[in-house]
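Thanks for coming, everyone. I'll walk you through one structure today, step by step. Please have the sequence and the view open.

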Amino acid sequence: MTIILLVAALSQTIVPTTYIDPGDQDPCALFDETPSSAQAQRSAFTLDDQVRIADIGRAAPTGAPSAFEISPDGERIAFVVKRANPQANAYCLRLVVTAMDGSETETEIDRGGEFIRDDFPLRDFPAIMGGWDRPNAPRWSPDGTRIGYLKRIDGSTQVWIADPAGGNPTHRATAMPDDVDRFAWTADGNGLIVQTRPGIRQQAEAIAQEAPRGFLFDDRFSPQFADRPIPTGEIVPEYAFVALGDGSVRPATASEAELLVAHRPATLPAQAREYAAGPDGYAAWLEPKHPDRLISRSRIAVMRPGGSRISCDAEACEGIRHLWWAAEGRTLLALQGTGWANSQMAILRWDMGEGQPHSLLTTDDVLIGCGPFANELICAREGAARPRRIVAIDIRTGAERVVYDPNPDLANAVFGTVQRLRFRNAYGSESFADLVLPPDHRPGQQHPLVVVQYTSDGFLRGGTGDEVPIHPLANRGFAVLSFDRPTFSAAALTATSEEELVRANRADWIDRRRVQSSLEIALELAIETGAVDAGRMGISGFSDGGSTVQWALINSDLFQVASMGSCCEDMYSYPTAAGPRFTDFVRAMGYRHFEPGTEEFWKPMSLILNVDTVDVPILIQTGDSEYEGGLDVIETYSHRGRAIELYVLENETHVKWQPAHRQAIYERSTEWFEFWLMDRINCDPARAQQYRRWSEMEGAPSPEELQCFDGRSLLP
């Protein structure tokens, strides 16, 4: 690797800046070797395994869109397989085709390109970069002879076309001046309809024109995101037709744009969602039972071909997330969140000749991006100790078959043992958590425990934000409580606006009290198993989970150590780092900042105001886009000699996306908990400075208590 001085950057910063050029290495090269026989043996699932796991679609499962598409003849399925390479700090991206019947090995059609990050609206900012993938399911041409997909090269996301037979080279099909967000094939296969957002670029260009005279610090600023104004307001997508013959571009017609814009019949109720039209004239949708509420239970509504309507208002029909019609046209399929604290998923089948749906399948697993094909529902599926694979579920029997497993090398991996804990908190709300124990746990053995939060669904990676690796911790001798936060209070669920919802949650900090109640009961149940050492417990958290960490450290003495992926919800830096619009936003929700009564309001939640009583070592690993929000806490605790350490990760968003950072976060959080709860260190000389700092912190174990650990599993 070479060190290159960024001379151009010196005009934009007051300090010299360098970066390490990763070179031209292929991030896929790390994965091209066939696993050896030794690797095929039964072995512990490690930190490296987790960071390099093969994914199809977005890693966080809940609400993830479909990441695959079936060929028009129904014989093949296409998808992009993604694997993180921390050494190259890049992703191996491979366009893959395989047989739907699982009869053949995968065929790699193309590889390469940059990780395509999604963006999201935040308050009045229309496009803030996220740390997760933009939806990118490959699209088959109508005749099945070509596959289109999004590929990012040199900072530009365009549509590329590949030959599923592998005979013709992949080529770029569009050259739009803006990134392509989505696309569709025209019916004749001779063109593409693409969606772009030129308004983002146009606003950015207008902002650049202000630079010579300086930027007015106004509502367009959020200092933690950028040192200049950010585009604001609504950005209207634009649609264009791209001819594949000569590459010419023109605005799409209204009918062409409908290929990318969901059709809503004029007769459909305004608040209806998940509209699904069937092949025989049937149509179905979901509609809220309480239209005036921000969060409402829903019912299934069905319109028959003749115009008459039926609906399912029963509790058994609540929690529906997606609707589809089976190929024969008179059977409605639904994906439902159900069970205790909505912790399960079910597939419902409603034959139109029956009074209401019946359950075809209920599981603790997560089903992702499902869609019907013939007599099957094709889904990605993952469980607490089983990574994601593509499966086909028979819509008549519920029987499952595996279509494709992107991680055959993990077939012999050893994961922690998972026990689901179900309970009600002190406020009567259903709650749950998963207790993960070392695979070699023996009765009577007690382990230090780490809490990971704030969702516990699908394959247990590292909680929300994927920062503290659950199964690798279990393989290193920890018990892990994967904690799922309870839903909002009854008062909050009746809110008619976001402001009303947040006000209800913040009244006497009721939401934080409800979460703490669930957390304490989950810990009690974990301790009652006899497998947890109550005197050696740590807590981790990210985003809302970081607020849970704050509250727990201030309002309980349960934990001996903490790790946070974002910090902190407090009095001073928190509002100013996010900018004027955010400060106005939270004040409207009932927060107090820089005004009389501020300290009284914050006393139950503020780490600053409780520095005298909070003496728990705190590790913070956060992106450079938001670390400023916790600097008041860092300074307060550092000045008072408290054990606290902050790492700032360059070019990161709220959810971290860079493979090198993911690996570093996994390693550092694991070593942090081992140091404080196990008196154990990684004796690699490269870690010497880290442990020297930690050993000088208040309450650190003495050198005589520390023992080396080589990083391997405790399993034989």
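One definition before we start. A residue is buried when its relative accessible area is under 20%, exposed when that area is over 50%, and partly exposed in between. Also keep in mind that this is a predicted model.

Let's use that cut-off right away. Look at R152. Is R152 buried or exposed? Its relative accessible area is 19%, and buried means under 20%, so R152 is buried. Now find its partner. The side chains of R152 and E114 meet in a salt bridge, at 3.7 Å from N to O. This pair links distant parts of the chain. E114 sits in the loop between β8 (107–111) and β9 (117–122). R152 sits in strand β12, residues 147–153. The two are 38 residues apart. And E114? At 32% relative accessibility, E114 is partly exposed. So here a partly exposed acid pairs with a buried arginine.

How many salt bridges does a search of the whole structure find? The count is 56. I'll show you a few more.

Next, R201 and E205. They form a salt bridge, and their closest N and O atoms are 3.7 Å apart. Why are they separated by about one helical turn? Because they are 4 residues apart in helix α3, residues 198–210. The general rule helps here. An α-helix has 3.6 residues a turn, so residues three or four places apart point the same way. R201 is partly exposed at 29%. E205 is partly exposed too, at 43%.

Third pair: R587 and E595. Their side chains meet in a salt bridge at 3.1 Å, N to O. R587 has a relative accessible area of 33%, which makes it partly exposed. E595 has 32%, and is also partly exposed. Some salt bridges share partners. That is how D26, D32, R94, E106, E108 and R111 are joined into one network.

Staying with charge, go to the surface. D73, E75, D101 and E104 form a negative surface patch. Take D73 from that group. It lies in the loop between β5 (68–70) and β6 (76–85). With a relative accessible area of 44%, D73 is partly exposed.

Now a helix. Find α8, residues 510–528. It has 19 residues. From first C-alpha to last, α8 reaches 27 Å, close to the 27 Å expected at 1.5 Å a residue. Which residues of α8 are buried? Among them are V515, L519, A522, L523 and A526. The buried list also includes charged residues, D511, R512 and R514. Just after α8 comes G530, with a positive phi of about 85 degrees.

Two contacts in space, quickly. S66 lies in the loop between β4 (55–56) and β5. At 28% relative accessibility, S66 is partly exposed. Its C-alpha is 3.6 Å from that of G369, although the two residues are 303 apart along the chain. Then V261, in the loop between α4 (254–257) and β19 (273–277). V261 is partly exposed at 37%. Its C-alpha and that of Q195 are separated by 9.8 Å, with their positions 66 residues apart along the chain.

Last topic: the backbone. Most residues other than glycine have a negative phi, and most peptide bonds are trans. Here are some exceptions.

R123 has a positive phi, near 50 degrees, and is not a glycine. You will find R123 in the loop between β9 and β10 (125–133). At 29% relative accessibility, R123 is partly exposed.

A341 also has a positive phi, about 55 degrees, without being a glycine. A341 is in the loop between β24 (331–338) and β25 (344–351). At 23%, A341 counts as partly exposed.

Now the peptide bonds. Where is a cis bond with omega of about 0 degrees? One joins Q453 and Y454. Y454 is in the loop between β34 (447–452) and α5 (470–475). Another cis bond joins C567 and C568, again with omega of about 0 degrees. C568 is in the loop between β37 (561–564) and α10 (573–578).

That's the tour. Over to you for questions.

Technical notes. Residues are numbered from 1 along each chain as its sequence is written. This is a predicted model: local features need pLDDT of at least 70, side-chain atom pairs count only at pLDDT 80 or more; totals for chains, interfaces and linings use all residues. Side-chain values use heavy atoms; hydrogens and water are left out. Patches are made of residues with over 30% relative accessible area and no salt bridge: like charges are joined within 9 Å, nonpolar side chains (Val, Leu, Ile, Met, Phe, Trp, Tyr) within 5 Å. Accessible areas come from the Shrake-Rupley method with a 1.4 Å probe; for residues, only the protein chains shown count as cover. A salt bridge is a side-chain nitrogen of Lys or Arg within 4 Å of a carboxyl oxygen of Asp or Glu. The place of a charge is taken as NZ of Lys, CZ of Arg, CG of Asp or CD of Glu. Buried means under 20% relative accessible area, exposed over 50%, partly exposed in between (1.4 Å probe, protein chains only). The expected span of a helix is 1.5 Å times one less than its number of residues.
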